[in-house]
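Visitor: I would like a quick tour of this model. Please keep the answers short.

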Amino acid sequence: MSKYLVLLLFASVSTTLFGQSNSQEDKFRQLSAKVKMRIWDKNNSDKTMNIEVVKYDDIPKYLDFRGTIVECLKWTDGLGDNLLIQSLTGHFIGNEEEDKWEIYAYLFRKEKEKTIYKPVWRIYDYNECFGVDWYAGFIPAATTITDVNHNGIAEISMPYVLICRGGMDPGTMKIIMYEGDTKYAIRGKTMIYCGGEYPYGGNYELSDNLEKETKLKNFILKQWNTHKCEDERFY
(Lines give C-alpha, C1' and ligand atoms only; values in the text may rest on other atoms or scores of the structure.)
Protein backbone atom coordinates (compact mmCIF):
# COMPACT_ATOMS: atom_id res chain seq x y z
CA MET A 1 0.00 0.00 0.00
CA SER A 2 1.41 3.42 -0.93
CA LYS A 3 2.19 6.11 1.66
CA TYR A 4 -0.57 8.24 0.11
CA LEU A 5 -3.21 5.56 0.68
CA VAL A 6 -1.98 4.97 4.22
CA LEU A 7 -2.32 8.68 5.00
CA LEU A 8 -5.82 8.77 3.52
CA LEU A 9 -6.86 5.76 5.60
CA PHE A 10 -5.44 7.30 8.80
CA ALA A 11 -7.19 10.61 8.13
CA SER A 12 -10.49 8.80 7.55
CA VAL A 13 -10.23 6.80 10.77
CA SER A 14 -9.12 9.84 12.77
CA THR A 15 -12.08 11.87 11.52
CA THR A 16 -14.48 9.07 12.39
CA LEU A 17 -13.12 8.62 15.91
CA PHE A 18 -12.25 12.16 16.91
CA GLY A 19 -14.08 14.50 14.57
CA GLN A 20 -16.81 15.26 17.14
CA SER A 21 -14.54 15.48 20.19
CA ASN A 22 -15.48 19.13 20.77
CA SER A 23 -19.12 18.22 21.33
CA GLN A 24 -20.04 17.94 25.01
CA GLU A 25 -22.75 15.42 24.16
CA ASP A 26 -20.36 13.15 22.29
CA LYS A 27 -17.81 13.33 25.09
CA PHE A 28 -20.36 11.92 27.50
CA ARG A 29 -21.61 9.25 25.13
CA GLN A 30 -18.10 8.11 24.13
CA LEU A 31 -16.99 8.10 27.79
CA SER A 32 -13.29 8.32 27.07
CA ALA A 33 -11.42 7.91 30.36
CA LYS A 34 -8.91 10.62 29.48
CA VAL A 35 -11.36 13.26 28.27
CA LYS A 36 -12.08 16.01 30.80
CA MET A 37 -15.85 16.29 31.19
CA ARG A 38 -16.07 19.54 33.17
CA ILE A 39 -18.40 18.15 35.84
CA TRP A 40 -16.82 20.37 38.51
CA ASP A 41 -18.28 23.83 39.10
CA LYS A 42 -15.04 25.59 39.94
CA ASN A 43 -16.53 29.06 40.23
CA ASN A 44 -18.98 28.12 42.99
CA SER A 45 -16.66 25.81 44.93
CA ASP A 46 -14.56 26.77 47.95
CA LYS A 47 -11.37 28.62 47.05
CA THR A 48 -9.50 27.80 50.28
CA MET A 49 -9.44 23.98 50.07
CA ASN A 50 -6.93 23.79 47.20
CA ILE A 51 -9.25 21.68 45.05
CA GLU A 52 -7.45 20.02 42.16
CA VAL A 53 -8.48 17.94 39.17
CA VAL A 54 -6.74 14.55 39.25
CA LYS A 55 -5.67 13.06 35.93
CA TYR A 56 -6.76 9.52 35.18
CA ASP A 57 -3.22 8.12 35.32
CA ASP A 58 -2.60 9.76 38.71
CA ILE A 59 -5.45 8.02 40.52
CA PRO A 60 -4.06 5.43 42.97
CA LYS A 61 -4.26 2.02 41.34
CA TYR A 62 -5.45 0.27 44.51
CA LEU A 63 -8.77 2.15 44.64
CA ASP A 64 -11.81 0.04 43.76
CA PHE A 65 -14.51 1.71 41.66
CA ARG A 66 -16.75 0.99 38.69
CA GLY A 67 -17.54 2.88 35.50
CA THR A 68 -15.58 5.28 33.33
CA ILE A 69 -14.37 8.34 35.22
CA VAL A 70 -15.85 11.67 34.16
CA GLU A 71 -14.29 13.69 36.98
CA CYS A 72 -11.83 13.14 39.81
CA LEU A 73 -11.13 15.86 42.38
CA LYS A 74 -8.94 16.06 45.46
CA TRP A 75 -8.82 18.53 48.34
CA THR A 76 -8.00 18.78 52.03
CA ASP A 77 -10.41 19.64 54.83
CA GLY A 78 -10.64 19.06 58.58
CA LEU A 79 -11.16 15.32 58.07
CA GLY A 80 -8.08 14.72 55.90
CA ASP A 81 -7.16 14.42 52.23
CA ASN A 82 -10.21 13.63 50.10
CA LEU A 83 -10.55 12.07 46.64
CA LEU A 84 -13.90 12.21 44.82
CA ILE A 85 -14.45 9.99 41.78
CA GLN A 86 -17.55 10.40 39.59
CA SER A 87 -18.13 7.78 36.91
CA LEU A 88 -20.68 6.44 34.41
CA THR A 89 -21.10 3.12 32.66
CA GLY A 90 -22.72 4.60 29.59
CA HIS A 91 -25.50 2.78 27.76
CA PHE A 92 -25.56 -1.00 27.82
CA ILE A 93 -28.20 -3.69 27.32
CA GLY A 94 -29.62 -4.78 30.68
CA ASN A 95 -32.02 -7.47 29.49
CA GLU A 96 -34.39 -8.21 26.62
CA GLU A 97 -36.83 -5.46 27.61
CA GLU A 98 -34.66 -2.64 28.97
CA ASP A 99 -31.44 -0.77 28.38
CA LYS A 100 -29.46 0.48 31.36
CA TRP A 101 -27.15 3.36 32.29
CA GLU A 102 -25.44 3.52 35.70
CA ILE A 103 -24.09 6.44 37.74
CA TYR A 104 -21.48 6.18 40.49
CA ALA A 105 -19.74 8.55 42.89
CA TYR A 106 -17.10 7.52 45.43
CA LEU A 107 -15.39 9.39 48.23
CA PHE A 108 -12.03 8.11 49.44
CA ARG A 109 -10.23 9.73 52.38
CA LYS A 110 -6.67 9.65 53.65
CA GLU A 111 -6.70 10.67 57.29
CA LYS A 112 -3.89 12.63 58.87
CA GLU A 113 -0.65 10.65 59.26
CA LYS A 114 -2.10 7.81 57.13
CA THR A 115 -0.55 6.66 53.86
CA ILE A 116 -3.49 5.27 51.88
CA TYR A 117 -6.99 6.34 50.94
CA LYS A 118 -9.90 4.39 52.35
CA PRO A 119 -13.52 4.34 51.09
CA VAL A 120 -15.97 6.58 52.95
CA TRP A 121 -19.20 6.34 50.92
CA ARG A 122 -20.56 5.41 47.53
CA ILE A 123 -23.49 6.76 45.49
CA TYR A 124 -25.14 4.45 42.99
CA ASP A 125 -28.09 5.21 40.73
CA TYR A 126 -29.27 3.95 37.38
CA ASN A 127 -31.70 4.46 34.55
CA GLU A 128 -33.52 1.56 32.87
CA CYS A 129 -35.42 2.46 29.74
CA PHE A 130 -36.35 1.04 26.35
CA GLY A 131 -37.63 2.46 23.11
CA VAL A 132 -37.75 6.14 24.07
CA ASP A 133 -35.42 9.11 24.57
CA TRP A 134 -33.24 8.49 27.57
CA TYR A 135 -30.08 9.59 29.32
CA ALA A 136 -28.37 9.43 32.72
CA GLY A 137 -25.49 11.53 33.93
CA PHE A 138 -24.04 14.26 36.09
CA ILE A 139 -24.97 17.78 35.03
CA PRO A 140 -21.95 19.51 33.46
CA ALA A 141 -20.20 22.18 35.54
CA ALA A 142 -22.50 21.56 38.52
CA THR A 143 -20.64 19.49 41.16
CA THR A 144 -19.41 21.72 43.99
CA ILE A 145 -17.03 21.35 46.93
CA THR A 146 -17.97 23.99 49.54
CA ASP A 147 -17.94 24.89 53.22
CA VAL A 148 -21.02 27.11 53.46
CA ASN A 149 -21.43 26.60 57.22
CA HIS A 150 -17.72 27.27 57.89
CA ASN A 151 -17.08 24.23 60.08
CA GLY A 152 -13.96 23.08 58.22
CA ILE A 153 -15.69 20.02 56.69
CA ALA A 154 -16.44 20.06 52.96
CA GLU A 155 -19.93 19.69 51.54
CA ILE A 156 -19.92 17.72 48.28
CA SER A 157 -22.96 18.45 46.09
CA MET A 158 -23.60 16.44 42.91
CA PRO A 159 -26.56 17.26 40.65
CA TYR A 160 -27.54 14.64 38.06
CA VAL A 161 -30.46 13.67 35.84
CA LEU A 162 -32.23 10.48 34.76
CA ILE A 163 -34.24 10.92 31.55
CA CYS A 164 -36.65 8.30 30.17
CA ARG A 165 -39.56 9.46 28.05
CA GLY A 166 -41.38 9.21 24.75
CA GLY A 167 -42.82 12.72 24.70
CA MET A 168 -42.06 15.98 26.48
CA ASP A 169 -42.40 14.94 30.11
CA PRO A 170 -39.87 16.29 32.62
CA GLY A 171 -37.03 14.02 33.68
CA THR A 172 -35.87 13.06 37.14
CA MET A 173 -33.31 15.32 38.80
CA LYS A 174 -31.43 14.75 42.06
CA ILE A 175 -28.82 16.64 44.02
CA ILE A 176 -27.00 14.46 46.54
CA MET A 177 -24.97 16.33 49.15
CA TYR A 178 -22.55 14.82 51.65
CA GLU A 179 -20.94 16.58 54.59
CA GLY A 180 -18.58 14.10 56.16
CA ASP A 181 -20.63 10.91 56.52
CA THR A 182 -23.99 12.72 56.57
CA LYS A 183 -26.11 12.54 53.43
CA TYR A 184 -28.60 15.22 52.35
CA ALA A 185 -30.69 15.26 49.18
CA ILE A 186 -33.19 17.11 47.04
CA ARG A 187 -35.13 15.05 44.50
CA GLY A 188 -37.73 15.99 41.93
CA LYS A 189 -38.36 16.81 38.28
CA THR A 190 -36.53 18.87 35.71
CA MET A 191 -38.37 21.83 34.21
CA ILE A 192 -39.26 22.15 30.51
CA TYR A 193 -40.60 25.16 28.55
CA CYS A 194 -38.74 27.32 31.07
CA GLY A 195 -38.83 30.42 28.92
CA GLY A 196 -42.44 29.94 27.84
CA GLU A 197 -45.75 31.07 29.26
CA TYR A 198 -46.44 27.71 30.88
CA PRO A 199 -43.26 26.14 32.31
CA TYR A 200 -43.74 22.56 33.40
CA GLY A 201 -42.03 20.54 36.14
CA GLY A 202 -39.36 21.70 38.56
CA ASN A 203 -41.10 20.35 41.68
CA TYR A 204 -38.94 18.80 44.40
CA GLU A 205 -38.76 17.24 47.86
CA LEU A 206 -36.03 17.85 50.44
CA SER A 207 -34.64 15.21 52.77
CA ASP A 208 -35.95 15.72 56.30
CA ASN A 209 -32.52 16.37 57.79
CA LEU A 210 -32.13 19.58 55.74
CA GLU A 211 -34.89 21.38 57.62
CA LYS A 212 -32.60 22.17 60.55
CA GLU A 213 -29.59 22.98 58.36
CA THR A 214 -30.57 26.40 57.02
CA LYS A 215 -27.30 27.24 55.27
CA LEU A 216 -27.08 23.85 53.56
CA LYS A 217 -30.76 23.99 52.63
CA ASN A 218 -30.44 27.44 51.06
CA PHE A 219 -27.37 26.36 49.10
CA ILE A 220 -28.90 23.19 47.70
CA LEU A 221 -32.10 25.05 46.74
CA LYS A 222 -30.00 27.61 44.88
CA GLN A 223 -28.30 24.76 43.02
CA TRP A 224 -31.68 23.28 42.17
CA ASN A 225 -32.98 26.51 40.68
CA THR A 226 -29.75 26.97 38.73
CA HIS A 227 -29.82 23.54 37.08
CA LYS A 228 -33.46 22.42 36.93
CA CYS A 229 -34.19 23.85 33.49
CA GLU A 230 -33.72 21.50 30.53
CA ASP A 231 -33.82 24.19 27.85
CA GLU A 232 -30.79 23.98 25.53
CA ARG A 233 -29.18 21.15 27.52
CA PHE A 234 -27.97 18.22 25.44
CA TYR A 235 -29.98 15.56 27.25
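Visitor: Where does tyrosine 193 lie?

Guide: This is a predicted model, where local features need pLDDT of at least 70, side-chain atom pairs count only at pLDDT 80 or more, and totals for chains, interfaces and linings use all residues. Residues are numbered from 1 along each chain as its sequence is written, and side-chain values use heavy atoms, with hydrogens and water left out. Strands are DSSP runs of E, at least two residues, and helices are runs of H or I, at least four, numbered from the N terminus. Tyrosine 193 sits in the loop between β11 (191-192) and β12 (200-201).

Visitor: Why does tyrosine 193 count as partly exposed?

Guide: Buried means under 20% relative accessible area and exposed over 50%, with partly exposed in between (1.4 Å probe, protein chains only). Tyrosine 193 counts as partly exposed because its relative accessibility is 43%.

Visitor: Which residues make the nonpolar surface patch of about 340 Å²?

Guide: Patch residues have over 30% relative accessible area and no salt bridge; like charges are joined within 9 Å, and nonpolar side chains (Val, Leu, Ile, Met, Phe, Trp, Tyr) within 5 Å. A salt bridge is a side-chain nitrogen of Lys or Arg within 4 Å of a carboxyl oxygen of Asp or Glu. Areas come from the Shrake-Rupley method with a 1.4 Å probe; for residues, only the protein chains shown count as cover. The patch is made by Met168, Tyr193 and Tyr200.

Visitor: Which strand gives the largest share of the largest nonpolar core?

Guide: A nonpolar core is a set of buried Ala, Val, Leu, Ile, Met, Phe, Trp, Tyr and Cys residues joined through side-chain atoms within 4.5 Å. The largest one has 45 residues, and Trp75, Trp121 and Phe138 are among those with the most contacts inside it. Six residues, the largest share of this core, come from strand β8 (residues 155-165).

Visitor: How many residues are in the other core, with Val54 and Phe108 among them?

Guide: This core lies apart from the largest one. Leu83 and Tyr117 are also among its residues. The count is eleven.

Visitor: Over how many bridges do β9 and β10 pair?

Guide: Two strands pair if DSSP finds at least two bridges between them. Methionine 173 has glycine 188 in β10 as its bridge partner. Strands β9 (residues 172-179) and β10 (residues 182-189) are antiparallel, and the bridges number eight.

Visitor: Which residue in β13 stands opposite arginine 187?

Guide: β10 and strand β13 (residues 204-206) run antiparallel, joined by three bridges. Opposite arginine 187 in β13 stands glutamate 205.
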